[in-house]
Amino acid sequence: MAITSSLNKIKDTLFEPTFYKVIQGGMSSGKTFGILTLLISYAQTYPKSIITVVGLSYGHLKDGAASDFKKILNEV
């Protein structure tokens with residue numbers, strides 16, 4: 001996976017103790033894919049964590065984050 005500016009922003013803030021994080025960027029900047037990749041890594045490091053990914057609607061979530069999540073799992 002290519003290291004994008006979005007991925008660097010996410011990585012820099014991943015372990016900061018905040019309730020939520022805002023990562024801004026244009027479409028197709030790799031935000032969702034990068035975030036999911038790091039969240040999977042975080043979940044492996046902290047197996048008792050609860051991680052919630054939300055979307056504007058079920059359709060957006062299904063076509064975006066859920067689809068990317070399946071792609072990531074299929075690559076492993």
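In which helix is Phe69 found? Phe69 is found in helix H3, and the legends below, which describe a predicted model, return to this residue after the chain and its helices have been introduced.

**View 1. The whole chain, whose elements run α-α-α from the N terminus on.** The chain holds 3 helices and 0 strands, and of its 76 residues 14% count as buried. Among the contacts in the chain with a separation of 6 or more, 54% are accounted for by residues 24 or more positions apart. Helix H1 covers residues 5-13, helix H2 covers 31-45, and helix H3 covers residues 58-75.

**View 2. Helix H3, with a kink centred on Ala66.** Helix H3 has 18 residues and spans 24 Å from its first C-alpha to its last, a value close to the 26 Å expected at 1.5 Å a residue. The kink in H3 amounts to about 30°. The buried residues of this helix are Ala65, Asp68 and Ile72, and these buried residues pack against helix H2.

**View 3. Helix H2, the element against which the buried residues of H3 pack.** With 15 residues, H2 reaches 21 Å from its first C-alpha to its last, which is close to the 21 Å expected at 1.5 Å a residue. The buried residues of H2 are Lys31, Gly34, Leu36 and Leu38, and one of them, Leu36, is also among the H2 residues that meet H3.

**View 4. The crossing of H2 and H3, which is right-handed.** Two packed helices are described by the angle between their axes and the distance between the axes. Here the axes of H2 and H3 come within 10 Å and cross at roughly 55°. Angles from 65 to 115 degrees would count as roughly perpendicular and those under 35 degrees as roughly parallel, and H2 and H3 are therefore oblique to each other. On the H2 side the residues that take part are Thr32, Phe33, Leu36, Thr37 and Ile40, and they meet Ala65, Asp68, Phe69, Lys71, Ile72 and Glu75 on the H3 side.

**View 5. Asp68, a buried residue of H3.** Asp68 lies in helix H3, and its relative accessible area is 16%. Because buried means under 20% relative accessible area, Asp68 counts as buried. Leaving aside its neighbours within four places in sequence, Asp68 is in contact with Thr32, Phe33 and Leu36, which are included in the set of H2 residues that meet H3.

**View 6. Phe69, a residue of helix H3 that is partly exposed.** The relative accessibility of Phe69 is 35%. Not counting residues up to four places away in sequence, Phe69 touches Leu36 and Ile40. The C-alpha atoms of Phe69 and Phe33 are separated by 7.5 Å, although the two residues lie 36 residues apart along the chain.

**View 7. Leu61, a partly exposed residue of H3 with contacts that include Ala66, where the kink is centred.** Leu61 is found in helix H3 and has a relative accessibility of 24%. Apart from residues up to four places away in sequence, Leu61 touches Val53, Val54, Gly55, Ala66 and Ser67.

**View 8. Thr37 and Lys11, two partly exposed residues and their partners across the sequence.** Thr37 is found in helix H2 and has a relative accessible area of 24%. Its C-alpha atom is separated by 9.3 Å from that of Leu7, a residue 30 residues away along the chain. Lys11 lies in helix H1, where its relative accessibility is 43%. Lys11 and Gly34 are 23 residues apart in sequence, and their C-alpha atoms are 9.0 Å apart in space; Gly34 is one of the buried residues of H2.

Terms used
Residues numbered from 1 in each chain as written. Predicted model: local features only at pLDDT ≥ 70, side-chain atom pairs only at ≥ 80, totals over all residues. Heavy atoms only, no water. Helix = DSSP H or I, 4+ residues; strand = E, 2+ residues; numbered from the N terminus. Expected span 1.5 Å × (residues − 1). Bend = angle between axes of the 7 residues up to and from the residue. Buried < 20%, exposed > 50% of the residue type's maximum accessible area, 1.4 Å probe, protein only. Contact = heavy atoms within 4.5 Å. Axes fitted to C-alpha atoms, helices over the stretch in contact; angles between N-to-C directions. Parallel < 35°, antiparallel > 145°, perpendicular 65-115°, else oblique. Left-handed = near helix turned anticlockwise from the far one by under 90°.
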